[in-house]
Amino acid sequence: MDDHERLIAFDAFARGVREDLARITEQMDELKAQNKVKTATYRQLFASRITLKEIDRRLADQGL
């Protein structure tokens with residue numbers, strides 16, 4: 001894999017992370033509207049969102 005292919009792969013990874021982050025945030029908003037913020041599902045989504053936010057921040061720091 002050359003540098004160009006690696007950059008394409010990283011861009012696809014970054015796009016996937018951001019799509020997942022948006023989807024999870026939307027799911028959390030729906031649960032919050034239903035007053036289900038103490039459910040296991042909400043807490044799992046919360047943990048996933050924190051992880052994805054950190055990955056997104058690191059990608060952004062690198063200009064990706």
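This passage describes the helices, the nonpolar core and the charged pairs of a predicted model.

We may begin with helix α1, which covers residues 3-33. Its 31 residues should span 45 Å at 1.5 Å a residue, and the end C-alpha atoms are indeed 45 Å apart, so the expected and computed spans agree. At the start of this helix, a side-chain oxygen of D2 comes to within 3.2 Å of the backbone nitrogen of H4. Just after the helix, N35 adopts a positive phi of about 60 degrees. The second helix to consider, α2, runs over residues 40-61.

The two helices meet through their buried residues. In α1, the buried positions are A14, V17, L21, I24, M28 and L31, and the buried residues of this helix pack against α2. In soluble globular proteins, nonpolar side chains tend to be buried together. Here the largest nonpolar core has 8 residues in all, namely V17, L21, I24, M28, L31, Y42, L45 and L52. Both α1 and α2 supply at least two residues of this core, with the largest share, 5 residues, coming from α1. I24 gives a good view of the packing: leaving out residues up to four places away in sequence, I24 touches L45, S48, R49 and L52.

One of those partners, R49, deserves a closer look. R49 lies in helix α2 and, beyond its neighbours within four places in sequence, is in contact with L21, I24, T25 and M28. Although R49 is buried, this arginine has no salt bridge. The nearest side chain of opposite charge belongs to D29, at 5.9 Å; a salt bridge requires a side-chain nitrogen of Lys or Arg within 4 Å of a carboxyl oxygen of Asp or Glu, so the separation of 5.9 Å rules this pair out.

Elsewhere, charged side chains do find partners. Side chains of opposite charge can pair when their charged atoms come close. In this model the count comes to 5 salt bridges. One of them joins R18 and D56, whose closest N and O atoms are 2.5 Å apart. This pair links distant parts of the chain, with R18 in helix α1 and D56 in helix α2, 38 residues apart. R18 counts as partly exposed because its relative accessibility is 32%.

Other salt bridges lie within helix α2. R58 and E54 meet in a salt bridge with an N to O distance of 2.9 Å. These two residues are 4 residues apart in helix α2, so about one helical turn separates them. R58 is exposed, at 54% relative accessibility, whereas E54 is partly exposed, at 32%. A similar description can be given for D61 and R57, whose side chains form a salt bridge at 2.7 Å, N to O. D61 and R57 are also 4 residues apart in helix α2, and therefore separated by about one helical turn. D61 has a relative accessible area of 52% and so counts as exposed, while R57, at 40% relative accessibility, counts as partly exposed. Salt bridges that share partners join E54, R57, R58 and D61 into one network.

To place D61 relative to the other helix, its C-alpha atom can be compared with that of R15. The two C-alpha atoms are separated by 15 Å, and the residues are 46 apart along the chain.

Key
Residues are numbered from 1 along each chain as its sequence is written. This is a predicted model: local features need pLDDT of at least 70, side-chain atom pairs count only at pLDDT 80 or more; totals for chains, interfaces and linings use all residues. Side-chain values use heavy atoms; hydrogens and water are left out. Buried means under 20% relative accessible area, exposed over 50%, partly exposed in between (1.4 Å probe, protein chains only). Lys and Arg count as positive and Asp and Glu as negative; His and the chain ends are not counted. Contact means heavy atoms within 4.5 Å. A nonpolar core is a set of buried Ala, Val, Leu, Ile, Met, Phe, Trp, Tyr and Cys residues joined through side-chain atoms within 4.5 Å. The expected span of a helix is 1.5 Å times one less than its number of residues. A polar contact is a pair of N or O atoms within 3.5 Å; within protein, one must be able to donate a hydrogen and the other to accept it, and residues adjacent in sequence count only if both atoms are side-chain atoms.
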